[in-house]
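Biologist: Could you take me through the sheet in this model? I'd like to hear the reasoning behind each label.
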Amino acid sequence: PAPVQRAPVVVAPAPTAPPPMQAAAPGGVVSPMSGTIIRIDVKAGQAVNAGDKLVCLEAMKMNTDIVAPGGGTVQAVNVEIGASVQEGQVLVTIV
């Protein structure tokens, strides 16, 4: 019998992990997901340390605290309570 012809196997590239949450701009702390701002824990001019709570985001009926990635001074709070934010949007700027 004739040899069986088989279609070449197409291998899809392995999915890549999403990039770690990084600042969109120097000092910018971005939202890890879309949601609504329900609490703001800092104000412009305030000193913060790594891990300090900056804002609280409600998404899918769960609250997520967004914390400072490092120490510094809050230069700007770019959101207000009740604001809808998108993933990657800069919430707070720390210098």
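Biologist: What makes strand 4 and strand 5 a pair, and in which sense do they run?

Modeller: Keep in mind that this is a predicted model. Pairing requires at least two bridges; strand 4 and strand 5 share six bridges in the antiparallel sense, so they qualify as a pair. One of the contacts places Leu57 opposite Thr64 in strand 5.

Biologist: What links strand 4 and strand 5?

Modeller: A hairpin, with two residues between the strands. In the turn, Met60 has a positive phi of about 55°.

Biologist: How do you know that strand 2 pairs with strand 7?

Modeller: The cut-off is at least two bridges, and strand 2 (residues 35–40) and strand 7 have two bridges, antiparallel. Therefore they count as paired. Thr36 has Ser84 of strand 7 as its bridge partner.

Biologist: And which sense, and how many bridges, for strand 2 and strand 4?

Modeller: Four bridges, again antiparallel. Here Ile37 stands opposite Leu57 in strand 4.

Biologist: In what order do the strands of the open sheet come?

Modeller: The order is 5-4-2-7, four strands with antiparallel pairing.

Biologist: Why are strand 5 and strand 7 called edges?

Modeller: Strand 5 (62–67) and strand 7 (84–85) each have a single partner strand, so one side of each lacks a neighbour in the sheet.

Biologist: What makes strand 4 mostly covered?

Modeller: A residue is buried if its relative accessible area is under 20%. In strand 4 (residues 53–59), five of the seven residues are buried, and the strand is mostly covered.

Technical notes:
Residues are numbered from 1 along each chain as its sequence is written. This is a predicted model: local features need pLDDT of at least 70, side-chain atom pairs count only at pLDDT 80 or more; totals for chains, interfaces and linings use all residues. Side-chain values use heavy atoms; hydrogens and water are left out. Buried means under 20% relative accessible area, exposed over 50%, partly exposed in between (1.4 Å probe, protein chains only).
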